[in-house]
Amino acid sequence: MAVVSIIVLVALFAATTIRGFDLGLAALSAAFLLGLAAGVPVDEVTAFFPADFFVLIVGVTAMFAAAQLNGTLDWLLDLLLKLVGGRLVLVALVPFVVGAVLTAIGTLPAAATAIVAPIALGLAARYRFSPLLAAVLGITGIISGLLSPLAVYGVTARELSTKLGIALPGSAPVTFLLGGLLTGVAVCAACLLIGMRTGAVPRGRATAATPDATAPDATAPDVPPGTPAPDGGAEPRTALATVVAAPSGSRTARTLTVGCLLAVVVLSVGFDMNVGYLGLTAALVLALALRSEPGEIVARIPWGVVLLIGGLLTYVGLMQHLGAFEQLSNLLRIEASPALSLLLLCYIAGVTSFAASSIAVFVTAMPLLPPLVEAGVSPVGAVLALALASVLVDINPLGITGGLILSAAEPAARPRLFRQLLTYGLVSIVVAPFLAWLAFSGW
């Protein structure tokens with residue numbers, strides 16, 4: 001049944017080329033049918049639905065939808081533009097820097113992604129550079145800070161190494177941080193170079209958006225793309241990250257909204273509170289205080305993305321229960337030299353992390369390192385390579401990271417962005433573990 005689950009997953013993605021096929025609905029149906037065939041009770045299958053993901057994405061998108069409705073989001077984007085002097089290349093770098101700072105000071109990756117994704121996709125939509133590039137830069141920034149002494153991966157790497165008897169030098173925390181930052185900067189530089197050569201990143205300077213009578217109204221109802229307008233044209237569809245010249249809103253509304261956003265960041269980062277529930281609370285406070293129209297915020301929550309990622313994660317959870325990822329890992333496990341064994345372990349981590357929790361994969365794979373270290377592999381290099389191989393494949397649509405990215409994109413751009421994220425993730429499985437091993441195994 002583990003092998004069958006892998007075949008069905010491939011079939012589900014292949015079926016996305018069929019007109020009218022909905023991957024989210026199909027994944028839930030496939031989980032139900034596969035569970036019946038495998039003898040897994042329906043209650044257990046339902047338990048695989050990611051309730052934490054539902055709260056996270058609904059809460060965060062509701063909060064940023066409220067910020068868009070009162071004009072604060074556009075005001076913040078204009079402020080970021082002024083801070084970088086209007087240079088579009090530097091605008092593209094903003095998500096990278098924000099993500100790196102957030103995780104370096106200890107923010108959990110999911111919370112950091114929830115904060116960075118709307119900023120990255122909002123800037124991409126407004127200044128017309130590639131949504132994929134914006135997403136990659138933002139998540140790469142988050143990855144860059146994950147190995148800092150305060151971050152979850154940095155702390156886990158040190159504690160597990162001590163527990164497993166892997167002797168790390170006193171400089172290991174600094175080395176981990178430098179390794180993560182160098183990796184992030186290298187990926188960022190490569191993306192910007194490719195983006196500028198292909199036109200994905202516009203050159204020159206931009207100016208802050210100004211209200212325009214011809215621009216779509218930020219408070220207009222969410223209508224399907226291409227819906228005929230009264231004048232015979234097409235009515236653009238508005239969304240969280242859509243380019244709109246929204247009214248700047250009153251100073252009171254901006255002050256209250258910025259206060260709520262800061263409170264969410266401080267409470268989630270400093271006190272480890274759930275960012276999804278914080279976002280929901282902030283959205284409710286803003287809706288009541290600013291007397292928003294009923295349903296405006298709820299209508300802007302990307303329910304299609306919730307269904308898509310929720311369905312996929314439910315199916316992936318069943319696959320893990322059936323041992324599908326263990327089967328994939330066994331295919332890559334062979335006896336060889338310590339260095340080659342480390343490379344294979346990096347690939348096992350990368351393949352498994354593609355659809356599973358990266359930190360869970362990292363923790364599970366760490367106990368396999370002591371024999372390799374005893375055989376002569378560098379302890380710092382081995383831990384660093386394994387950690388990066390686990391996280392560099394996170395930019396794909398099969399997890400919470402992908403769901404948050406898709407939810408922050410324009411509705412019309414989501415199908416294409418989903419395919420791009422999937423392609424990027426599949427390529428990263430092949431490339432990232434090898435590069436992590438090649439660059440850091442000898443540190």
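**Exercise 1. Find the residue just after α7 that takes a positive phi, and describe the helix before it.**

Solution. Start at the end of the helix. Just after α7, Arg128 has a positive phi of about 60°. This is a predicted model.

Step back into the helix. α7 covers residues 109-127, which is 19 residues. From first C-alpha to last it reaches 26 Å, close to the 27 Å expected at 1.5 Å a residue.

Now look for a bend. α7 has a kink of about 30° at Val116. The proline Pro118 follows shortly after Val116.

Finish with burial. In α7, 17 of the 19 residues are buried, and the helix is mostly covered.

**Exercise 2. Work out how α8 lies against α21, and which residues meet.**

Solution. Take the axes of α8 (residues 131-144) and α21 (residues 414-440). They come within 10 Å and cross at roughly 50°. That angle makes α8 oblique to α21. The crossing of α8 and α21 is right-handed.

Then list the contacts. From α8 come Pro131, Leu132 and Val136. They meet Leu417, Gln420, Leu421 and Tyr424 of α21.

**Exercise 3. Decide whether α19 is roughly parallel or roughly antiparallel to α21.**

Solution. Get the angle. The axes of α19 (residues 379-391) and α21 cross at roughly 160° and come within 8 Å. Apply the cut-off: angles over 145 degrees count as roughly antiparallel. Therefore α19 and α21 are roughly antiparallel to each other. The crossing of α19 and α21 is right-handed.

Check who touches whom. Gly381, Leu384, Ala385, Leu388 and Ala389 lie on the α19 side. Pro433, Ala436, Trp437 and Phe440 of α21 meet them.

A general point helps in reading such lists. Residues three or four places apart point the same way, because an α-helix has 3.6 residues a turn.

**Exercise 4. Test the span of α14 against its expected value, then judge its burial.**

Solution. α14 (residues 303-322) has 20 residues, so at 1.5 Å a residue it should span 28 Å. Its end C-alpha atoms are 29 Å apart, which agrees.

Turn to burial. 14 of the 20 residues of α14 are buried, so the rest of the structure largely encloses this helix. Just after α14, Gly323 takes a positive phi of about 85°.

**Exercise 5. Locate Arg291 and say whether it is buried or exposed.**

Solution. Arg291 sits in the loop between α12 (275-289) and α13 (296-299). Its phi is near 55°, a positive value in a residue other than glycine. Exposed means over 50% relative accessible area. Arg291 has 74%, so it is exposed.

Note on methods. Residues numbered from 1 in each chain as written. Predicted model: local features only at pLDDT ≥ 70, side-chain atom pairs only at ≥ 80, totals over all residues. Heavy atoms only, no water. Helix = DSSP H or I, 4+ residues; strand = E, 2+ residues; numbered from the N terminus. Expected span 1.5 Å × (residues − 1). Bend = angle between axes of the 7 residues up to and from the residue. Buried < 20%, exposed > 50% of the residue type's maximum accessible area, 1.4 Å probe, protein only. Axes fitted to C-alpha atoms, helices over the stretch in contact; angles between N-to-C directions. Parallel < 35°, antiparallel > 145°, perpendicular 65-115°, else oblique. Left-handed = near helix turned anticlockwise from the far one by under 90°. Contact = heavy atoms within 4.5 Å.
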